[in-house]
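Hello,

Here is the structure for your next round of work. My notes follow below it.

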Amino acid sequence: MTKLAVFDLDGTLIDSLNDIALAVNHTRICAGLTELDTEGVKFCIGNGVDTLIDRAIPESAMAHDEAKNIYEEFYSQHAFDKTCLYPNVANGLKKLQGSGVRCCVVSNKPDTDTKQILEHFGVSEYFVEIAGGSSRFPLKPAPDALLYLKEKYNADKCFMCGDHYTDIECGRRANFTTILAKYGFGDPRSETPDASANNFDAVTEIIMAD
(Lines give C-alpha, C1' and ligand atoms only; values in the text may rest on other atoms or scores of the structure.)
Protein backbone atom coordinates (compact mmCIF):
# COMPACT_ATOMS: atom_id res chain seq x y z
CA MET A 1 0.00 0.00 0.00
CA THR A 2 1.30 3.45 -0.93
CA LYS A 3 0.67 6.23 1.55
CA LEU A 4 0.71 9.89 0.56
CA ALA A 5 0.89 12.65 3.17
CA VAL A 6 0.44 16.25 2.01
CA PHE A 7 1.29 19.08 4.39
CA ASP A 8 0.50 22.76 4.48
CA LEU A 9 3.46 24.98 5.41
CA ASP A 10 2.54 28.03 7.53
CA GLY A 11 0.92 27.00 10.79
CA THR A 12 1.53 23.31 10.10
CA LEU A 13 5.26 22.74 9.60
CA ILE A 14 6.50 26.20 10.58
CA ASP A 15 5.45 28.86 13.08
CA SER A 16 5.81 31.90 10.83
CA LEU A 17 3.15 34.21 12.25
CA ASN A 18 5.53 36.77 13.75
CA ASP A 19 7.55 37.24 10.57
CA ILE A 20 4.42 37.49 8.41
CA ALA A 21 3.03 40.05 10.86
CA LEU A 22 6.29 42.01 10.71
CA ALA A 23 6.11 42.17 6.91
CA VAL A 24 2.40 43.05 6.90
CA ASN A 25 2.91 45.87 9.38
CA HIS A 26 5.97 47.18 7.52
CA THR A 27 3.77 47.39 4.41
CA ARG A 28 0.97 49.07 6.33
CA ILE A 29 3.37 51.68 7.71
CA CYS A 30 4.63 52.35 4.17
CA ALA A 31 0.98 52.87 3.19
CA GLY A 32 0.42 55.33 6.04
CA LEU A 33 -1.64 52.89 8.10
CA THR A 34 -1.38 51.82 11.73
CA GLU A 35 -0.08 48.37 12.64
CA LEU A 36 -2.37 45.38 13.10
CA ASP A 37 -2.28 43.21 16.19
CA THR A 38 -1.61 39.48 15.88
CA GLU A 39 -5.29 38.56 15.62
CA GLY A 40 -5.72 41.06 12.82
CA VAL A 41 -2.83 39.55 10.89
CA LYS A 42 -4.13 36.01 11.44
CA PHE A 43 -7.33 36.98 9.67
CA CYS A 44 -5.33 37.96 6.58
CA ILE A 45 -3.33 34.71 6.26
CA GLY A 46 -4.14 31.45 4.50
CA ASN A 47 -5.46 32.24 1.04
CA GLY A 48 -2.29 33.31 -0.74
CA VAL A 49 -0.28 36.52 -0.88
CA ASP A 50 -2.71 38.41 -3.11
CA THR A 51 -5.57 37.88 -0.67
CA LEU A 52 -3.24 38.69 2.22
CA ILE A 53 -2.52 42.07 0.64
CA ASP A 54 -6.18 42.69 -0.21
CA ARG A 55 -7.16 42.07 3.41
CA ALA A 56 -4.29 43.95 5.02
CA ILE A 57 -3.84 46.96 2.73
CA PRO A 58 -6.92 48.84 1.47
CA GLU A 59 -6.65 49.96 -2.17
CA SER A 60 -7.45 53.47 -0.96
CA ALA A 61 -4.15 53.50 0.95
CA MET A 62 -1.84 51.90 -1.64
CA ALA A 63 -2.21 50.14 -4.99
CA HIS A 64 -2.27 46.35 -4.70
CA ASP A 65 0.82 45.67 -6.82
CA GLU A 66 2.90 48.26 -4.98
CA ALA A 67 1.86 46.87 -1.60
CA LYS A 68 2.56 43.31 -2.75
CA ASN A 69 6.04 44.23 -3.95
CA ILE A 70 6.86 45.97 -0.66
CA TYR A 71 5.55 43.01 1.34
CA GLU A 72 7.38 40.37 -0.69
CA GLU A 73 10.71 42.20 -0.70
CA PHE A 74 10.58 42.80 3.06
CA TYR A 75 9.38 39.27 3.85
CA SER A 76 12.11 37.64 1.77
CA GLN A 77 14.69 39.50 3.87
CA HIS A 78 13.09 38.66 7.22
CA ALA A 79 11.55 35.21 6.69
CA PHE A 80 13.80 33.65 9.33
CA ASP A 81 13.92 36.35 12.00
CA LYS A 82 11.51 34.52 14.31
CA THR A 83 10.16 31.66 12.21
CA CYS A 84 10.91 28.13 13.38
CA LEU A 85 9.85 24.57 12.76
CA TYR A 86 7.22 23.33 15.15
CA PRO A 87 8.63 20.84 17.69
CA ASN A 88 9.55 17.42 16.29
CA VAL A 89 8.64 18.25 12.69
CA ALA A 90 12.05 17.14 11.38
CA ASN A 91 11.99 13.90 13.38
CA GLY A 92 8.40 13.20 12.37
CA LEU A 93 9.10 13.71 8.67
CA LYS A 94 12.15 11.46 8.92
CA LYS A 95 10.01 8.73 10.50
CA LEU A 96 7.36 9.04 7.82
CA GLN A 97 9.92 8.91 5.03
CA GLY A 98 11.58 5.91 6.67
CA SER A 99 8.27 4.06 6.81
CA GLY A 100 7.71 4.58 3.09
CA VAL A 101 5.21 7.46 3.24
CA ARG A 102 5.47 9.82 0.27
CA CYS A 103 5.48 13.28 1.83
CA CYS A 104 4.63 16.48 -0.08
CA VAL A 105 4.05 20.15 0.66
CA VAL A 106 1.21 22.09 -0.94
CA SER A 107 1.19 25.70 0.21
CA ASN A 108 -0.52 28.90 -0.90
CA LYS A 109 2.76 30.69 -0.11
CA PRO A 110 4.79 31.61 -3.22
CA ASP A 111 7.05 28.84 -4.57
CA THR A 112 10.33 30.63 -3.95
CA ASP A 113 9.56 31.34 -0.29
CA THR A 114 8.17 27.84 0.30
CA LYS A 115 11.25 26.06 -1.07
CA GLN A 116 13.71 28.50 0.51
CA ILE A 117 12.16 28.00 3.95
CA LEU A 118 12.14 24.20 3.74
CA GLU A 119 15.77 24.22 2.57
CA HIS A 120 16.75 26.67 5.31
CA PHE A 121 15.43 24.34 8.00
CA GLY A 122 16.97 21.26 6.39
CA VAL A 123 13.75 19.37 5.75
CA SER A 124 13.29 19.69 1.98
CA GLU A 125 14.93 16.27 1.52
CA TYR A 126 11.91 14.61 3.13
CA PHE A 127 9.49 15.74 0.40
CA VAL A 128 9.03 14.16 -3.00
CA GLU A 129 7.05 17.21 -4.19
CA ILE A 130 6.92 20.85 -3.08
CA ALA A 131 4.20 23.01 -4.64
CA GLY A 132 3.88 26.65 -3.65
CA GLY A 133 1.18 29.15 -4.48
CA SER A 134 2.79 30.21 -7.75
CA SER A 135 2.88 26.67 -9.13
CA ARG A 136 0.67 25.50 -11.99
CA PHE A 137 -2.09 24.48 -9.60
CA PRO A 138 -4.93 26.69 -8.34
CA LEU A 139 -4.64 27.77 -4.71
CA LYS A 140 -6.21 25.69 -1.96
CA PRO A 141 -9.05 24.98 -1.28
CA ALA A 142 -9.05 23.84 -4.92
CA PRO A 143 -8.13 20.13 -4.80
CA ASP A 144 -6.18 20.02 -8.08
CA ALA A 145 -2.69 19.65 -6.57
CA LEU A 146 -3.82 16.84 -4.27
CA LEU A 147 -5.58 14.94 -7.05
CA TYR A 148 -2.48 15.26 -9.24
CA LEU A 149 -0.22 13.91 -6.47
CA LYS A 150 -2.56 11.02 -5.70
CA GLU A 151 -2.55 9.95 -9.33
CA LYS A 152 1.19 10.52 -9.85
CA TYR A 153 2.16 8.32 -6.90
CA ASN A 154 -0.70 5.87 -7.34
CA ALA A 155 -1.48 6.30 -3.66
CA ASP A 156 -3.92 4.02 -1.86
CA LYS A 157 -4.19 6.04 1.35
CA CYS A 158 -3.94 9.82 1.31
CA PHE A 159 -3.74 12.44 4.05
CA MET A 160 -3.99 16.23 4.03
CA CYS A 161 -2.70 18.01 7.13
CA GLY A 162 -3.14 21.71 7.74
CA ASP A 163 -4.28 24.35 10.21
CA HIS A 164 -6.67 26.35 8.03
CA TYR A 165 -10.08 25.75 6.52
CA THR A 166 -8.51 25.92 3.06
CA ASP A 167 -6.44 22.82 3.90
CA ILE A 168 -9.32 20.82 5.33
CA GLU A 169 -11.70 21.78 2.53
CA CYS A 170 -9.04 20.96 -0.03
CA GLY A 171 -8.48 17.52 1.49
CA ARG A 172 -12.19 16.84 1.77
CA ARG A 173 -12.78 17.74 -1.86
CA ALA A 174 -9.93 15.42 -2.90
CA ASN A 175 -11.33 12.63 -0.69
CA PHE A 176 -8.19 12.60 1.48
CA THR A 177 -8.19 11.84 5.21
CA THR A 178 -7.96 15.31 6.75
CA ILE A 179 -5.91 16.18 9.84
CA LEU A 180 -6.31 19.55 11.54
CA ALA A 181 -3.10 20.94 13.02
CA LYS A 182 -4.74 22.48 16.10
CA TYR A 183 -1.39 23.85 17.28
CA GLY A 184 -1.24 26.20 14.27
CA PHE A 185 -2.66 29.69 13.84
CA GLY A 186 -5.22 29.04 11.11
CA ASP A 187 -9.00 29.01 11.33
CA PRO A 188 -10.89 25.80 10.44
CA ARG A 189 -14.18 27.71 10.28
CA SER A 190 -17.01 25.26 9.67
CA GLU A 191 -14.81 22.49 8.28
CA THR A 192 -14.81 19.24 10.26
CA PRO A 193 -11.56 17.26 9.91
CA ASP A 194 -11.34 13.48 10.13
CA ALA A 195 -8.75 13.84 12.90
CA SER A 196 -7.14 16.59 14.99
CA ALA A 197 -3.62 16.86 16.36
CA ASN A 198 -2.34 19.01 19.22
CA ASN A 199 1.30 18.63 18.07
CA PHE A 200 3.31 17.20 15.20
CA ASP A 201 4.02 13.97 17.07
CA ALA A 202 0.27 13.31 16.96
CA VAL A 203 0.22 14.06 13.22
CA THR A 204 2.97 11.49 12.67
CA GLU A 205 1.17 8.88 14.76
CA ILE A 206 -2.12 9.34 12.89
CA ILE A 207 -0.47 8.88 9.52
CA MET A 208 1.66 5.90 10.54
CA ALA A 209 -1.17 4.13 12.36
CA ASP A 210 -3.79 4.31 9.62
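Helices (H or I, at least four residues) and strands (E, at least two) are DSSP runs, numbered from the N terminus. This is a predicted model: local features need pLDDT of at least 70, side-chain atom pairs count only at pLDDT 80 or more, and totals for chains, interfaces and linings use all residues. Residues are numbered from 1 along each chain as its sequence is written, and side-chain values use heavy atoms, with hydrogens and water left out.

The pocket. A pocket is an open set of points on a 1 Å grid over the protein atoms alone, where a 1.4 Å probe fits, with protein on both sides within 12 Å along at least five of seven lines; lining residues have an atom within 4 Å of a point. The largest one has a volume (the space filled by probe spheres set on the points) of about 440 Å³. Its lining has 31 residues, and Asp10, Cys44, Ile45, Gly46 and Asn47 lie nearest the centre. At least two lining residues come from each of α2 (38–44), α3 (49–56), α4 (64–78) and α8 (165–173). α2 gives the most, with four.

Helix α8. Seven of its nine residues are buried (under 20% relative accessible area, 1.4 Å probe, protein chains only). Among them are Tyr165, Asp167 and Glu169. Just after α8, asparagine 175 takes a positive phi of about 65 degrees.

Arginine 136. This residue sits in the loop between β5 (129–131) and α7 (144–152). Arginine 136 counts as exposed because its relative accessibility is 63%, and exposed means over 50%.

Best wishes
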